[in-house]
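Colleague: I'd like to go through the empty space in this one. Can you put it up?

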Amino acid sequence: MNNKNKILNDFWDILNLAEDYISSGLIKNHSGFAVSSDSLEKISADISVCKQCRLGQTRNNTVPGSGNHNPMLMIIGEGPGAEEDKTGQPFVGRAGQYLDKWMEAIGLNRHDYIFLGNIVKCRPPKNRDPFEDEIALCLPYLERQIALLKPKLILSVGRISSQVLTHSNLGIGKLRGKSYEYQGIELITTYHPSAVLRILMSTESRYGKTLKE
């Protein structure tokens with residue numbers, strides 16, 4: 001084999017190797033270590049065409065998540081509600097607006113410091129709890145997001161997301177107030193803002209007056 005043919009063969013070997021890495025989601029950097037070619041845009045695109053579970057058959061829009069791409073805090077809920085299903089954006093209903101007030105009270109906002117996401121990326125019909133198989137099929141999307149975002153802290157709101165991320169069957173009342181770890185990141189849990197709103201509305205109805213939020 002002459003030098004010209006050898007160079008051509010070597011060139012095609014390199015192209016084939018690169019194609020293998022790209023198809024597997026990995027590329028090689030100059031030091032020889034594998035680095036991910038994943039991105040938030042790619043995750044959102046994968047979610048948008050996902051039909052792995054029954055939620056993909058009933059949704060209007062997928063809700064991959066949104067916010068700062070270098071967040072101090074990542075907030076994770078259970079799944080999209082009706083308003084989120086309409087808009088494709090997380091935490092935009094009344095509970096989301098109430099969550100914004102929580103964050104504003106400590107000097108944070110969803111655009112500058114926070115990334116918002118959910119355990120499942122499609123709305124469960126009638127806001128039912130997502131089934132275990134739906135969670136299992138959707139969770140890898142969230143794990144990919146966390147691996148890319150690398151938030152300083154994760155806040156889980158609500159029973160479902162807190163049970164999934166802490167690998168526990170305890171209720172939120174027993175899970176909250178403690179520190180956990182998920183993918184090497186500190187995790188804390190609390191009530192979902194929608195649950196707090198329901199308590200406020202019930203109290204207002206009972207006592208016939210409006211409580212200040």
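Colleague: Which element gives the largest share of the lining of the largest cavity?

Modeller: That is α6, with four residues. This is a predicted model, by the way. Two elements give two or more residues to that lining, α3 (55–58) and α6.

Colleague: What volume does the largest cavity have?

Modeller: About 110 Å³. The structure holds one cavity of 30 Å³ or more.

Colleague: Which residues lie nearest its centre?

Modeller: Cys50, Cys53, Cys122, Cys138 and Tyr141, out of 14 lining residues. By class, the lining of the largest cavity has nine nonpolar, two polar and three charged residues.

Colleague: How many disulfides does the structure hold?

Modeller: Zero. For cysteine 50, the nearest cysteine sulfur belongs to cysteine 138 and is 6.3 Å away. A disulfide needs the two sulfur atoms within 2.5 Å, so cysteine 50 is in none.

Colleague: And cysteine 138, which cysteine sulfur is nearest to that?

Modeller: That of cysteine 122, at 6.3 Å, and cysteine 138 is in no disulfide either.

Colleague: Is cysteine 138 buried or exposed?

Modeller: Cysteine 138 is buried, because its relative accessible area is 10%. Cysteine 50 also counts as buried, because its relative accessibility is 14%. The cut-off for buried is under 20%.

Colleague: Switching to pockets. What is the volume of the largest one?

Modeller: About 680 Å³. The lining of the largest pocket has 29 residues, and those closest to its centre are Ala95, Asn127, His192, Ser194 and Arg198.

Colleague: Which elements supply at least two residues of that lining?

Modeller: α4 (82–87), α5 (94–105), α7 (159–166) and α9 (193–207). The largest share comes from α9, with five residues.

Colleague: How does the lining of the largest pocket divide into nonpolar, polar and charged?

Modeller: 12 residues are nonpolar, nine are polar and eight are charged.

Colleague: What about the second largest pocket, how much space lies in there?

Modeller: About 200 Å³. Its lining includes Asp129, Pro130, Phe131 and Glu132, and also Arg159, Gln163 and Asn169.

Colleague: Which element gives the most there?

Modeller: α7, with four residues. The elements that give two or more residues to the lining of the second largest pocket are α6 (132–149) and α7. So α7 has residues in the linings of both pockets.

Colleague: And the classes for the lining of the second largest pocket, what are they?

Modeller: Five nonpolar, three polar and three charged.

Conventions:
Residues are numbered from 1 along each chain as its sequence is written. This is a predicted model: local features need pLDDT of at least 70, side-chain atom pairs count only at pLDDT 80 or more; totals for chains, interfaces and linings use all residues. Side-chain values use heavy atoms; hydrogens and water are left out. Buried means under 20% relative accessible area, exposed over 50%, partly exposed in between (1.4 Å probe, protein chains only). On a 1 Å grid over the protein atoms alone, a cavity is a set of points where a 1.4 Å probe fits but cannot get out, and a pocket is an open set with protein on both sides within 12 Å along at least five of seven lines; lining residues have an atom within 4 Å of a point. Grid points are joined across faces, edges and corners, and a volume is the space filled by probe spheres set on the points. Ala, Val, Leu, Ile, Met, Phe, Trp, Tyr, Cys and Pro count as nonpolar, Asp, Glu, Lys and Arg as charged, and the others, Gly among them, as polar.
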